[in-house]
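Visitor: Please show me the model, and let us then work through its helices and its empty spaces.

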Amino acid sequence: MIEVIFTAFYDIEYTFLEVLRAIAPLTVLFIVSMVFLLETTREQIIRVIVGLLFVLIGLTLFLQGVYTGLMPVGEKIGIVLSNLSYSWMLIPLGFVLGFVVIMAEPAVRVLNYEVEKGVGGYITQNTMLITLCIGVGISVALAMARVLYGIPLMYLLVPGYILAFILTKFCSSTFVAIAFDSGGAATGPMTVAFILTMALGVTSNIEGRDPMLDGFGLISLVALAPIITVLLLGTLYSMIEKKNARQYEEV
Amino acid sequence: MESIKRTVLEVIYAVLPIILIIYILQFSVLSLPIDDVIQFTIGMILISTGLIIFLLGIHLGLLAIGEDIGTKITLFGNLWIIILCGFLVGFVVTVAEPDVRVLATQFDMVTGGTISKSTLIISIALGVGIFVALALVRIIKSIPIRNILLASYALVFLLAVIVDERFVPIGMDAGGVTTGPITVPFILALGLGVASVFKSKDSATDGFGLVGLASVGPIIAVLLLGVLH
């Protein structure tokens, strides 16, 4: 028990140094722009210092949890599940995991918030969140199918992006921009650290699978699905808008 | 105080379902050693605590300054200054991006260090920097987002044909990981700042599209790295 707790904090000083190095350029940029660019108030300086300290501590704990908790256990889970005689259950499990993990992505929350603010409540945060969850669920299920059956990545990506670009024809440019934004935002540290590790665990355990070819690529599928779902949402919205406009004319 | 409470609750609601799924799996099919379950649980506690502190840090100070920088650099009215700043901001936030680090760690693990962790991170950061700059130019010049995206993805698929096929999945993944919890709020704020000064047809919506463009840059950068390799 105590050993396990020890493992969790193993090498935390390296994680801390990594985060320190990672946020150093950002800190320099802040200092330079606050000194030369902005008329900074005392309050702002305090805010930035506290903000950076919080980011430093928060990221260290987060990454430490990923390195010692999620990554090793995620890989084991992948191996155990791919050993099952009913290993197809990875596909529905993928859907559930994708759906649930996306709720945990802080980037998605920030994006939903900015979207609601930016379009004046036209798209609510909850509509965005549910749409993204379904999209990512489908994509993780597909990614698991790909790992299990060795489907080349391009067989899924090329038709996916063609579909996406066709859908952009039917949406307003606001929706196009939001859709491509949500694709990127959906793929946060939880997806990378947990689901990708699980998939890499599966590839290492199935004969004839190459983690480079079959394991990686999962993130790009996760990024694609929300693009398509949000564009579908956009197409639906513009159809409703057109219908409303027609009704208005009739009245 | 209210916002702190909300952040805490948001993170707890977000993390709990994952823990539950793993527990259900554990008792139905997994049966991992108890130590693994404890290790996972402690990891999730660290992750949730880290996430709460991190999110508070972003909202407390960093977002507002990002928006200020965006507004300020456009006041110079010099396109080159805006391009340079867009590049710098894109580069520095990507180096700080946790997802990029996690992916680079996994890549390192799988390949056994054929391409070092920092080479991969720097190529990804260069890709993001260049495309954030490009995205800002798009906002100022009101270039339709669809055209830029179409051209970029055409280039991506062209490079994907040329490059060693083992680089394609990691390259595509690099696009997704760049846009994590630091990059998204930061470049969104920067874009909204730039868009609000250049009040084009609809300033609010033109701030969007930055994240999407920022995720194409690293795909191209990593695929080019593969071609050069």
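Visitor: In this predicted model, what span should the 17 residues of helix 9 of chain A have?

Guide: Helices here are DSSP runs (H or I, at least four residues), numbered from the N terminus. The expected span is 1.5 Å times one less than the number of residues. For helix 9 (residues 189-205) of chain A the end C-alpha atoms are 24 Å apart, which agrees with the expected 24 Å.

Visitor: Where is the kink in helix 9 of chain A centred?

Guide: The bend at a residue is the angle between axes fitted to the seven residues ending there and the seven starting there. In helix 9 of chain A the kink is about 25°, and its centre is L196(A).

Visitor: How many residues of helix 10 of chain B are buried?

Guide: Buried means under 20% relative accessible area (1.4 Å probe, protein chains only). Helix 10 (residues 210-228) of chain B has 19 residues. It is largely enclosed by the rest of the structure, because the buried residues number 16 of the 19.

Visitor: Which residues are the closest to the centre of the largest cavity?

Guide: A cavity is a set of points on a 1 Å grid over the protein atoms alone where a 1.4 Å probe fits but cannot get out, and lining residues have an atom within 4 Å of a point. The largest cavity has a volume of about 100 Å³. Of its 15 lining residues, the closest to the centre are Y161(A), A223(A), Y153(B), S215(B) and I219(B).

Visitor: How do the residues lining the largest pocket divide into nonpolar, polar and charged?

Guide: A pocket is an open set of grid points with protein on both sides within 12 Å along at least five of seven lines, and the largest has a volume of about 590 Å³. Among the residues closest to its centre are Y113(A) and H59(B). Asp, Glu, Lys and Arg count as charged, Ala, Val, Leu, Ile, Met, Phe, Trp, Tyr, Cys and Pro as nonpolar, and the others, Gly among them, as polar. The lining comprises 9 nonpolar, 6 polar and 3 charged residues.

Visitor: Where in chain A is confidence lowest?

Guide: Confidence is given by pLDDT, from 0 to 100; local features need at least 70 and side-chain atom pairs 80 or more, while totals for chains, interfaces and linings use all residues, and side-chain values use heavy atoms, without hydrogens and water. Residues are numbered from 1 along each chain as written, with chains lettered from A and ligands numbered from 1 in written order. Chain A averages 85. The lowest mean, 68, belongs to helix 5 (residues 106-118) of chain A.

Terms used:
pLDDT = per-residue confidence, 0-100. Helix = DSSP H or I, 4+ residues; strand = E, 2+ residues; numbered from the N terminus. Points joined across faces, edges and corners; volume = space filled by probe spheres on them. Buried < 20%, exposed > 50% of the residue type's maximum accessible area, 1.4 Å probe, protein only.
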